[in-house]
Amino acid sequence: MNTLSISVDDGSPLDLKLADVLDKNGLKATFYIPIKKPGGKLMTKKQIRILAQRFEIGAHTYNHVDLTTVNHKMALKELVEGKIALENVIGKKIITFAFPFGHYTEKLIKLAKYAGYGNCRSGRIINFASFDDKKFIQHPNFQIYPHKLTTDLRHCLKYGDLFSFTKRLALARHKHIELYRLMPKNVPLHFWCHSQDIQKFNLWSFFGKLGKDNS
Ligand SMILES: [Zn+2]
C-alpha cells in the first residue's frame, strides 16, 4: 500500500466539488491558492475558510506569477504577500508553497525558505522516484491530466530525470492517466491536479479508483 497525498492548484471554485469527492474517498489533500489570478475565477474568502476546516491550504503567490519571469525583489514580494494574505483569510499559518506553472530555480527555492515557508512543491507531471516530504523542495509523482507520451518524455528530459524517462519509455503502451497504477509500490507518492482539468476531461471517477487503491 502506498501513502498517497494529493495537491490541488489554483483555487478554482471547482475545488469545492473536488474537496467533496476527496472526502468521500478518504483522500487527503493540500489546496494551493493564489489571491488573484488573471483571467481565472477563484473561490471567495468564505469558501476558502470552509475548505481550510477540512484540508491544508498552501500558498501559490499573490498574483499567480511565474516567479522565473520576474526579478528577485518582485519574486520575494509575491512569496511573502501571497502567504500573509492567505493567513489573514484562514486565520492559520501557511507553511507550504507551490511554484506557479511548476517553474523554479535554485535561487527561488532559497527565496521561498527566506519568505518563511517550511516546504515548497514543483510541478513534476511524471516522476517514478518515491515522494520525500522531508525535503524542502518536493517533487510530485504524477499530474492527473491526460498528457501525451511525448509530453511526458520531454518533461523527464527537461528535468534531467533519465530514470523516469527510461521507465516512461518502457510503459509507452500505457496512457499517462493509467500510470498512477504503475508507480513504485509501498512508498510515499504525491499526485496533483487542477480541478478545472478534472472537470474538462471528466476525470472525477479517477478519485474513486485512487480511494480504493489507497484503503
Ligand atoms: Zn497555478
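A residue counts as buried under 20% relative accessible area, as exposed over 50%, and as partly exposed in between. With these words in hand, the structure described here, a predicted model, can be walked through from its charged surface pairs to its metal site, its strands and its core.

Asp133 has a relative accessible area of 46%, so it is partly exposed. Its salt-bridge partner is Lys134, with the closest N and O atoms 3.0 Å apart. Lys134 itself is exposed, at a relative accessible area of 73%. This pair belongs to a count of 10 salt bridges in the model. Side chains of opposite charge can pair when their charged atoms come close.

A second pair joins Glu87 and Lys93, whose closest N and O atoms are 4.0 Å apart. Here the two partners sit in opposite settings: Glu87 is buried, with 13% relative accessibility, whereas Lys93 is exposed, with a relative accessible area of 66%.

A third salt bridge brings together the side chains of Asp20 and Arg54, at 3.4 Å from N to O. Asp20 belongs to helix α1 and Arg54 to helix α2, so this contact links distant parts of the chain, 34 residues apart. Both ends count as partly exposed, with relative accessibility of 45% for Asp20 and 39% for Arg54. Asp23 joins Asp20 and Arg54 in a network of salt bridges.

Attention can now turn to the metal. The zinc ion has three protein donor residues, namely Asp10 through OD and both His60 and His64 through NE2, at 2.0 to 2.1 Å. Along the sequence these donors follow the spacing D-x49-H-x3-H. Asp10 lies in the loop between β1 (3–9) and α1 (15–24), while His64 lies in the loop between β3 (56–59) and α3 (72–90); the pair therefore ties together parts that are 54 residues apart in sequence. Asp10 and His64 are both buried.

The strands named above are connected through β2. This strand runs in parallel with β1, to which four bridges join it, and Ser7 has Thr30 of β2 as its bridge partner. On the β3 side, β2 again pairs in the parallel sense over four bridges, with Ala59 of β3 as the bridge partner of Ile33. The helices complete the pattern: β1, α1 and β2 form a right-handed β-α-β unit, and a right-handed unit is also made by β2, helix α2 (residues 45–54) and β3.

How many of the five residues of strand β2 (residues 29–33) are buried? Five of the five are, so the strand is largely enclosed by the rest of the structure. The cover extends to both faces, with Ala29, Phe31 and Ile33 buried on one side and Thr30 and Tyr32 buried on the other.

Phe31 also features in the largest nonpolar core, which holds 59 residues; together with Leu22, Phe142, Ile144 and Phe207, it touches the most other members. Helix α3 gives the most to this core, contributing five residues. Phe207 offers a view of how these contacts spread along the sequence: leaving aside residues up to four places away, its contacts are Ile6, Leu18, Val21, Leu22, Asn25, Leu27, Ile144, Cys193 and Ile198. Two of the core residues named above, Leu22 and Ile144, are among the contacts of Phe207.

Methods
Residues numbered from 1 in each chain as written. Predicted model: local features only at pLDDT ≥ 70, side-chain atom pairs only at ≥ 80, totals over all residues. Heavy atoms only, no water. Donors = N, O, S within 2.8 Å, 3.2 Å for Na, K, Ca; no water. Helix = DSSP H or I, 4+ residues; strand = E, 2+ residues; numbered from the N terminus. Buried < 20%, exposed > 50% of the residue type's maximum accessible area, 1.4 Å probe, protein only. Pairing = 2+ DSSP bridges. Right-handed = clockwise from strand over helix to strand, strands pointing away. Core = buried A, V, L, I, M, F, W, Y, C linked by side-chain atoms within 4.5 Å. Contact = heavy atoms within 4.5 Å.
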